[in-house]
Amino acid sequence: MERAIWLSYDLGTSGDYEGMYAWLESHGAQECGSSVAFLKSYGSEGNFLEALKADVGDAVTLNRRSRIHVLYKDDGRLRGSLLFGKRKAPPWIGFGDRAKQEFDEDR
């Protein structure tokens with residue numbers, strides 16, 4: 001099945017960007033900002049996420065700090081999944097008024 005996907009990648013300061021860029025170019029990806037790419041069509045047999053993870057994992061040398069996230073449509077719904085890595089605390093924590101709003105709502 002062919003589907004459009006967006007990839008967000010954070011490979012760290014010493015990551016294999018050459019491998020990532022080679023993979024993106026070979027799949028006809030379009031640049032969408034800093035470390036974000038769009039692939040108009042990505043096809044795979046069987047489980048889409050497992051196939052994508054294997055495909056990227058074979059082309060890019062990853063370490064424990066590497067993070068790659070995919071966004072795609074499935075049954076008309078937008079879905080996202082971390083292919084590699086895990087989430088970390090966002091740098092914007094403490095800049096907004098969310099904590100104040102949550103406190104005010106508890107009253």
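**A tour of salt bridges and helix H2**

Start by selecting arginine 3 and aspartate 74: their side chains meet in a salt bridge, 3.9 Å from N to O (a side-chain nitrogen of Lys or Arg within 4 Å of a carboxyl oxygen of Asp or Glu). Arginine 3 lies in strand E1 and aspartate 74 in strand E4, so the pair ties together parts that are 71 residues apart in sequence. Strands (E, at least two residues) and helices (H or I, at least four) are DSSP runs, numbered from the N terminus.

Before moving on, note that this is a predicted model, where local features need pLDDT of at least 70, side-chain atom pairs count only at pLDDT 80 or more, and totals for chains, interfaces and linings use all residues. Residues are numbered from 1 along each chain as its sequence is written, and side-chain values use heavy atoms, leaving out hydrogens and water.

Now add arginine 79, whose side chain meets that of aspartate 74 in a salt bridge (3.6 Å, N to O). Arg3, Asp74 and Arg79 are thus in view as a linked network of salt bridges. Arginine 3 counts as buried at 13% relative accessibility, while arginine 79 is partly exposed at 31%; buried means under 20% relative accessible area, exposed over 50%, and partly exposed in between (1.4 Å probe, protein chains only).

Next, select helix H2, residues 48–59. Phe48, Leu52 and Val56 are buried there. They cover an arc of only 50° around the axis (taken from the directions from the helix axis to the C-beta atoms), which puts them on the same side of H2. Turn to the other side of H2 to find Glu50 and Asp58 exposed.

Methods
Expected span 1.5 Å × (residues − 1).
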